[in-house]
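I opened the model to look up how its chain is put together. My entries follow the structure below.

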Amino acid sequence: SQIGMVLGTIVFVNAGTQLAAIDSASGILTPALLGSFVALGLMPWAARWIMGMIKRRRVYAGFTRPKRYDRNLIVIGAGAAGLVSAYIAATVKAKVTLVESHKMGGDCLNFGCVPSKALIKSAKVAADMRHAARYGLKDAPVALDFREVLARVRAVITAIEPHDSVERFTGLGVDCVEGHATIIDPWTVRIQSRAGTVHELTTRSIVIAAGAAPFVPPIPGLGDIDFLTSDTLWDKLADREKPPERLAILGGGPIGCELAQAFARLGSNVTVIEMADQLLPREDRDVADEVRKSLESEGITVLTGHECVAARGGQLTSKSTAGETQISFDDLIVAVGRAARLSGYGLEALGIDTARTVTTDAWLTTKFPNIYAAGDVAGPYQLTHVASHQAWFATVNALFGTFKRFKADYSVIPATTFTDPEVARVGLNEREAAAQGIACEVTRYGLDDLDRAIADSAARGFVKVLTVPGKDRILGATIVGAQAGEMLGEFVLAMKKKIGLGAILGTIHAYPTMIEGNKYAAGEWRRARAPERLIGWVARYHDWRRG
C-alpha cells in the first residue's frame with residue numbers, strides 16, 4: 001500500500017505541477033505535460049506490475065528458479081482437462097509432457113460418461129422390447145446375457161479410445177508418460193514411470209488435472225462390504241451372466257438415478273436411498289417429481305429423506321422421520337458424489353490449499369502463479385465439458401499469461417441427467433433464483449402437447465424458462481423429456497449470445513421435431529404478454545370492416 005501511495009503521489013504531484021505551469025495555449029502541448037498525462041495513464045499498470053512482482057517474490061521465497069526449463073508445460077492427468085491442455089499446448093508448438101498414472105481418457109472414457117451411456121442405451125432397447133405394444137407392436141421377452149451387455153460397453157470404450165490414446169497425442173507432439181507425477185517445487189516435477197524409472201523435469205508451468213474419485217461416506221460397517229462404485233462396477237460385474245437380483249443404490253443424484261433406471265430395465269430389483277427430501281437435490285421439485293414418477297413406474301423403490309446409518313453384509317439401515325428401515329441387497333452401489341484427487345502430488349508440501357478441491361483464483365492459478373488446476377480437481381462443477389472449458393483458460397494463461405490472462409467463464413453451464421425422461425438445464429432454476437434473491441418470471445410448456453413427442457409415445461415432461469421480469473432475456477432453462485439434452489443447446493447458445501425468447505419464437509424450427517418445444521415455450525411467454533387492449537381495438541376494427 002505504501003509503495004502504491006508513493007507512486008501515486010509522485011505521478012499526481014508531477015501532473016499538477018505541469019498543469020500549474022501553463023501560461024498560454026501553446027503550453028498545453030508541451031512534451032512535459034503530455035508525458036505527465038502518459039504517466040497518469042500508465043501508473044495503475046506500473047503499480048499492478050510492481051505489486052505482482054513483490055507477491056511473486058514472496059510466494060517463491062525459498063525456492064530456486066531454474067536457469068532453463070526442459071518443458072513449457074507439464075500436465076498431470078490425462079482426463080478431459082488434461083487432454084485438452086496437452087492438445088492446446090502442442091497446437092501452439094509448446095514443449096509439453098502429459099503424465100497419466102492410470103488410463104488415458106480418465107474417468108469419463110473408462111468409468112463414467114461413455115460406459116454409463118452405453119449401458120443406458122442397452123437398457124432402453126430392453127425396455128422398448130418389453131413394452132413394444134406402446135408402438136403398435138407385440139411385447140417381446142428379452143433374452144438377456146449381462147456379460148454380453150458389458151462386453152458391448154467395453155467395445156464402445158475400445159472404439160472411442162483412439163481419440164484419447166498415447167499414439168494420437170504423441171503424433172500431435174505431446175510427450176506422453178505413463179506414470180505418477182509429484183511436484184517437487186514450483187518448476188520441478190518428479191515422474192515415476194510404470195517401469196519403475198524415476199526422472200525429474202523442469203517446466204515453466206504446470207496444470208494439475210488429476211480428476212476425482214467416488215466419495216465413500218463414513219457409514220459404520222460400509223468398509224466391511226465389497227460394495228461397488230461407478231468406477232468399479234464395470235470390472236466387478238463383467239463376468240456375471242445376470243445383473244444383480246437385488247440392487248441397492250446409495251445416492252439419488254444424477255449417477256444414482258441413471259444407474260438405477262438402467263439396472264431396473266435390465267432386470268434388477270432396485271432400491272434408491274437418498275438423504276435429501278427429493279431425487280436430484282439440485283433441481284426444482286417438479287423436475288425431481290417427474291424423474292421419481294418415471295423410476296417408480298418401472299418398479300424402482302425410491303426412499304428419499306432416508307439417511308443410511310449402518311451397513312452390514314447384505315443389509316443397509318436407513319433412518320427417516322418415520323423411523324428405521326432395513327434394505328436388503330445382493331449388491332450395493334455407492335453413488336453419493338465424487339471427491340477431488342488431492343493427495344500424492346506434492347501439493348501439501350508446497351502449501352497449496354486443498355480443502356475439498358485445489359483452491360484457484362479466477363484465472364485458475366493456485367498460490368503459485370505458474371501452477372494451475374483444471375477439471376474436477378479444481379471444481380466447482382464436476383462435468384466433462386466444464387473440465388475441457390477450464391483447460392482452455394488454464395493452458396492459455398499458463399503459456400501466454402505474460403501478455404494477457406483470461407478469467408474462466410462460468411456464466412452459461414449446461415448439464416444433462418440421462419434418465420428417461422432426460423433432465424437438461426442451463427443457468428438458473430427456480431430453487432436457485434429464490435435462494436439468491438433474483439426476481440424472475442417463469443414460463444412453462446408441457447411436452448404432452450408437442451406433436452413429435454406424441455408421435456414418439458414420449459408425451460411427457462416440459463420446457464421451463466426463467467426470464468428477467470418484463471423482458472425476454474433468459475436467466476435459465478430446464479427441460480424434462482425425451483432428447484432434452486439435445487434440445488437444451490438452443491437455450492445455451494441463446495444465453496451465451498444474449499438472444500431472447502423473442503428471437504427463438506421468430507426462428508423457423510423443422511416440423512415435427514422435439515426442439516419445437518423451445519419455440520412453443522417462447523410462444524407461451526409471448527401469449528402471456530399479449531396487448532389485450534390493442535387486441536380488443538383490432539377486433540372492433542374487423543367488426544367494422546365486415547359492416
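I looked up contacts (heavy atoms within 4.5 Å) in the chain: of those with a separation of 6 or more, 63% are between residues 24 or more positions apart. I note that this is a predicted model, in which local features need pLDDT of at least 70, side-chain atom pairs count only at pLDDT 80 or more, and totals for chains, interfaces and linings use all residues. Residues are numbered from 1 along each chain as its sequence is written, and side-chain values use heavy atoms, with hydrogens and water left out.

I then looked up burial. Of the 547 residues in the chain, 45% are buried, meaning under 20% relative accessible area with a 1.4 Å probe, protein chains only.

Next I listed the secondary structure, with helices (H or I, at least four residues) and strands (E, at least two) taken as DSSP runs numbered from the N terminus. The chain has 18 helices and 21 strands.

I picked one open sheet of five strands, whose order is S17-S18-S21-S20-S19 with antiparallel pairing; two strands pair if DSSP finds at least two bridges between them. Strand S17 (414–417) and strand S19 (441–446) are the edges, each pairing on one side only. From one strand to the next the twist averages 10°, with axes fitted to C-alpha atoms and angles running from 0 to 180 degrees between N-to-C directions.

Inside this sheet I followed S18 (residues 422–427) and S21 (residues 474–481), which are joined by six bridges in the antiparallel sense. Gly427 stands opposite Gly476 in S21.

Last, I checked helix H10 (residues 285–297), which lies across S18, S19, S20 and S21 and runs at about 165° to S20.

Methods. Buried means under 20% relative accessible area, exposed over 50%, partly exposed in between (1.4 Å probe, protein chains only).
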